[in-house]
Amino acid sequence: MRNAQFVIRNGKIFFAIICAAFLIGGCGGEKNPAPNPAQNKIELSKAKDGIYTAESSLDEKLGKSILTLTIKDKKIVAAEFEGYDLFGNVKGEDYGSLTGKDSADYKKAQIAVKAIKTYPAQLVETQDLRKVDAISGASISYEQFVETANIALNEAMK
């Protein structure tokens, strides 16, 4: 009886340790930290006129993005933002359709495609990266937009 209690008690402890390891391991990984909007204040008083292009970091599952900003007279007058899948294809109408256009994967992927189109227009309109609204379901695209905007704007300040 004593051995049975020992095995049960240690079995529960072992199970708890395994569960904790999976939970902690699932929370790890190298993810880009979420952008801090307070750090994204655009200061264009020293920006030089020109066209500035920046490429985001590569997301291992979703690809990368490229932003091109046009600055004239200390203002962002145009912005183009394109998302690319892991194969280098522009994220468009077919993005996410490998499992079918009725699948949840496709619908979520298309949220990102739509978001990619709204971010640059918001930036041109507001002239403030903090006022570009993140869209639920497109957080990686938003993070890549913020990253590329900061790179391009830093280049414009040199």
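## A leucine to start from

Which residues is leucine 69 in contact with, leaving aside its neighbours within four places in sequence? In this predicted model, the list reads Gly50, Ile51, Tyr52, Ile76, Ala78, Ala79, Leu123, Ala149, Ala152 and Leu153. Leucine 69 is also one of the residues with the most contacts inside the largest nonpolar core, so it makes a handy place to begin a tour.

## Overall layout and confidence

Let's step back to the whole chain. The protein has 3 helices and 3 strands, and from the N terminus on they follow the order α-β-β-β-α-α. Of its 158 residues, 30% count as buried. If you look at contacts between residues at least 6 apart in sequence, 50% of them join residues at least 24 apart.

How far to trust each part is worth knowing before going on. The mean pLDDT of the protein is 81, with 74% of the residues reaching 70 or more. Among the elements, strand 1 has the highest mean pLDDT, at 98, while helix 1 (residues 2-27) has the lowest, at 46. The pLDDT is below 50 over residues 14-38, and this stretch has 9 contacts in the model beyond near neighbours in sequence.

## The sheet

The 3 strands make up an open sheet in the order 1-2-3, with antiparallel pairing. Strand 1 (50-55) and strand 3 (75-84) are the edge strands, each pairing on one side only. On average, neighbouring strands of the sheet are turned by 15° against each other, direction ignored.

Strand 1 and strand 2 (residues 64-72) run antiparallel and are joined by 6 bridges. Within this pair, alanine 54 stands opposite leucine 67 of strand 2. Helix 3 (residues 139-157) packs on the sheet and touches strand 1, strand 2 and strand 3, its direction making about 40° with that of strand 2.

The loop between strand 1 and strand 2 holds serine 56. Is this serine buried or exposed? Serine 56 counts as buried because its relative accessibility is 6%, below the 20% cut-off. Beyond neighbours within four places in sequence, serine 56 is in contact with Lys64, Ser65, Gln144, Glu147 and Thr148.

## Helix 2 and what covers it

Helix 2 (residues 104-126) lies across strand 2 and strand 3, and runs at about 165° to strand 3. A quick check on its geometry works out nicely: at 1.5 Å a residue, the 23 residues of helix 2 should span 33 Å, and the end C-alpha atoms are 33 Å apart, which agrees. Just after the helix, glutamine 127 takes a positive phi of about 60°.

The buried residues of helix 2 are Tyr106, Ala109, Gln110, Ala112, Val113, Ala115, Ile116, Tyr119, Pro120, Gln122 and Leu123. Their cover includes strand 2, strand 3 and helix 3. Take glutamine 122, found in this helix: its relative accessible area is 18%, so it is buried, given that the cut-off is under 20%. With neighbours within four places in sequence left aside, glutamine 122 is in contact with Gln127, Lys131, Val132 and Asp133.

## The loop between helix 2 and helix 3

Alanine 138 lies in the loop between helix 2 and helix 3. Its relative accessible area is 2%, so alanine 138 is buried. Which residues does alanine 138 touch, not counting those up to four places away in sequence? They are Ile111, Ala112, Ala115 and Tyr119. Another way to place this alanine is by distance: the C-alpha atoms of alanine 138 and isoleucine 116 are separated by 8.3 Å, with the two residues 22 apart along the chain.

## The nonpolar core

Now back to the core mentioned at the start. The largest nonpolar core has 26 residues, and those with the most contacts inside it are Leu69, Ile71, Ile76, Tyr119, Leu123, Leu129 and Phe145. Strand 1, strand 2, strand 3, helix 2 and helix 3 each supply at least two residues of this core. Which element gives the most to this core? Helix 3 does, with 7 residues.

Leucine 69 ties in with this picture, as its contacts include Ile76 and Leu123, two residues that are also among those with the most contacts inside the core.

Note on methods:
Residues numbered from 1 in each chain as written. Predicted model: local features only at pLDDT ≥ 70, side-chain atom pairs only at ≥ 80, totals over all residues. Heavy atoms only, no water. Pairing = 2+ DSSP bridges. Helix = DSSP H or I, 4+ residues; strand = E, 2+ residues; numbered from the N terminus. Axes fitted to C-alpha atoms, helices over the stretch in contact; angles between N-to-C directions. Contact = heavy atoms within 4.5 Å. Expected span 1.5 Å × (residues − 1). Buried < 20%, exposed > 50% of the residue type's maximum accessible area, 1.4 Å probe, protein only. pLDDT = per-residue confidence, 0-100. Core = buried A, V, L, I, M, F, W, Y, C linked by side-chain atoms within 4.5 Å.
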